[in-house]
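Student: I am new to this structure and would like a close look at a single part of it. Please start with one residue, work outwards from there, and keep the account plain.

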Amino acid sequence: MNERIGKWVETATGGEVVRAYVPNPLPPTPPVDLAAFAGQIEQANLALGRLDGVTSILPSPALFIFMYVRKEALLSSQIEGTQSSLSDLLLFEADEIPLVPLDDVQEVSNYIAAMEYGLRRMRDGFPLSLRLIREIHGVLLKKGRGASAQPGEFRRSQNWIGGARPSRATFVPPPPDQLLECLSKFELFLHDEQNLPTIVKAAYAHVQFETIHPFLDGNGRLGRLLITFLLCTEGVLREPTLYLSLYFKTHRQHYYDLLQRVRTHGEWEQWLAFFLDGVAEVANQAVQTAHRILELFEADAAKIQSLGRAASSAAVVHQYLQKHALTTSGKASGELALSEPTVNSALKHLQKLGIVQEITGKQRRRVYAYDAYLAILREGTER
């Protein structure tokens, strides 16, 4: 008998009787031999350390985080099936009309709001707890498609993963009458001061949350957010700069298979190896991205200095574009101490230098894109 495997219980839902899974509490028993993973844990932590330090070399660390959060929000929502692109999200935030259904973009926007809300609450001293998880879920599903799926409330009915009917499901999470006990034990694990490396704790917590599936909707997105929240609240990262959604999206089927093998065979080792590889890979990619962005900003700033008298206003607009990679002259003027004609003139100069491109072809309400910057951020997010 495999002690790591939880129990299967029969439950009735949708007029069918199905087998639902109730996981054993964390950590796994018998425990994973973490000594066998010492090299991987060290490599992952070294990569996280480099990532945590890289923002200090950027002229605006908040800017890198601002755009990286948006990329993560987009990727995490794409895993759930939304069709939004990075340009759609930025158009939406610039009060322009995106090219996809508004619900798709709203879903991504909600993710950003949930991330920012959770981090703000934890920085104010509130612990990562069931109460905070419910609050974050309320923000995540506040608007758009998820608004009817009991935002901020643990489910009171049976859900399932995959398949049009419960009997055809890939996986059926714990029944509602066992949900709170599973969640209480999960919360105890989150607060446990045992000698588990935080990165291992995050790996375990992500699987357990996905297995419990405590909400009617938004479980996948919140489960991915949980990784970043744990790393930040336990001091491994000062800022929310690690996002695994691109790694999970790239290896989507393998990711789902590994989650299921933990449930059916107790294979925590295989999951942990995959997770640690992902942390190291994604953290190293983020460091490289930060350096490329810095090099781009510096190269473009040098081009702007060749403009002579026009360089001053063009430099101000260039700095604005670093946070608003898609914008209109009216929106930029409204947020800068520059008139709209001055902003328009600066954008024309930047266009001649090849730094921005006008993407609508319209005479009014033209939208300008910081193309090279968007291209770096867009990598891996294409629909």
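Tutor: Arg 224 lies in helix H8. The model is a predicted one, and every value below is computed from it. With a relative accessibility of 5%, Arg 224 counts as buried, because buried means under 20%. UniProt, in an unreviewed entry, lists Arg 224 under the feature "binding site". The same feature in that record takes in Glu 80, His 213, Asp 217, Gly 218, Asn 219, Gly 220, Arg 221, Leu 222, Gly 223, Tyr 255 and Tyr 256.

Now to the loop before this helix. Helix H8 spans residues 219-233 and helix H7 spans 198-212, with His 213 in the loop between them. Asp 217 also has its place in the loop between H7 and H8. Where do these two residues stand, buried or partly exposed? His 213 has 12% relative accessibility and therefore counts as buried. Asp 217 has 29%, so it counts as partly exposed, since the partly exposed class runs from 20% to 50%.

His 213 carries a further label. The unreviewed UniProt entry places the feature "active site" at His 213, and that residue is also in the "binding site" list of the record. What does His 213 touch, apart from neighbours within four places in sequence? Its contacts are Arg 155, Asn 159, Ile 161, Pro 173 and Asn 219. One of these, Asn 219, is itself in the "binding site" list from UniProt. There is also a link to the preceding helix: a polar atom of the His 213 side chain lies 2.8 Å from the backbone oxygen of Glu 210. Glu 210 falls within the range given for helix H7, 198-212.

On the other side of H8 comes another loop. Gly 235 lies in the loop between H8 and H9. At 55% relative accessible area, Gly 235 is exposed, because exposed means over 50%. Gly 235 is 37 residues from Thr 198 in sequence, yet the two C-alpha atoms are 9.0 Å apart in space. Residue 198 is where the range of helix H7 begins.

The "binding site" list in UniProt also holds Tyr 255 and Tyr 256, and these lead to a group of aromatic rings. Ring pairs join Tyr 255 and Tyr 256 with Tyr 247, Phe 248, Trp 271, Phe 274 and Phe 275 in a cluster. The whole structure holds 18 aromatic pairs. One of them is Tyr 247 with Phe 274, a tilted pair with 4.8 Å from centre to centre and 35° between the planes. Tyr 247 is in helix H9 (residues 245-250) and Phe 274 in helix H11 (residues 268-304), so the pair links distant parts of the chain, 27 residues apart. Tyr 247 is buried, with a relative accessible area of 6%, and Phe 274 is buried with 6% relative accessibility.

Phe 274 takes part in another pair as well. The ring centres of Trp 271 and Phe 274 are 5.8 Å apart and their planes stand at 40°, so this pair is tilted too. Here both partners belong to helix H11, three residues apart, or about one turn of the helix. Trp 271 has 0% relative accessibility and so counts as buried.

Two arginines elsewhere sit over aromatic rings. Arg 263 lies over the face of Phe 171, at 4.1 Å from the ring centre. The charged end of Arg 121 sits over the ring of Phe 126, 4.1 Å from its centre.

Last, the setting of this part. The protein chain has 15 helices and five strands. Of its 383 residues, 54% count as buried, and among those described here are Arg 224, His 213 and Trp 271. Taking contacts between residues at least 6 apart in sequence, 67% join residues at least 24 apart. The accessible surface of the chain is about 16,800 Å², and carbon and sulfur atoms account for 50% of it.

Methods: Residues numbered from 1 in each chain as written. Predicted model: local features only at pLDDT ≥ 70, side-chain atom pairs only at ≥ 80, totals over all residues. Heavy atoms only, no water. UniProt positions renumbered as here; feature names shortened; annotations may be inferred. Helix = DSSP H or I, 4+ residues; strand = E, 2+ residues; numbered from the N terminus. Buried < 20%, exposed > 50% of the residue type's maximum accessible area, 1.4 Å probe, protein only. Contact = heavy atoms within 4.5 Å. Polar contact = N/O pair within 3.5 Å; in protein donor to acceptor, adjacent residues only side chain to side chain. Phe/Tyr/Trp six-rings, centres within 6.5 Å; stacked < 30°, edge-to-face > 60°. Lys NZ or Arg CZ within 6 Å of the ring centre and 35° of its normal. Areas by Shrake-Rupley, 256 points an atom, 1.4 Å probe, with all protein chains shown as cover.
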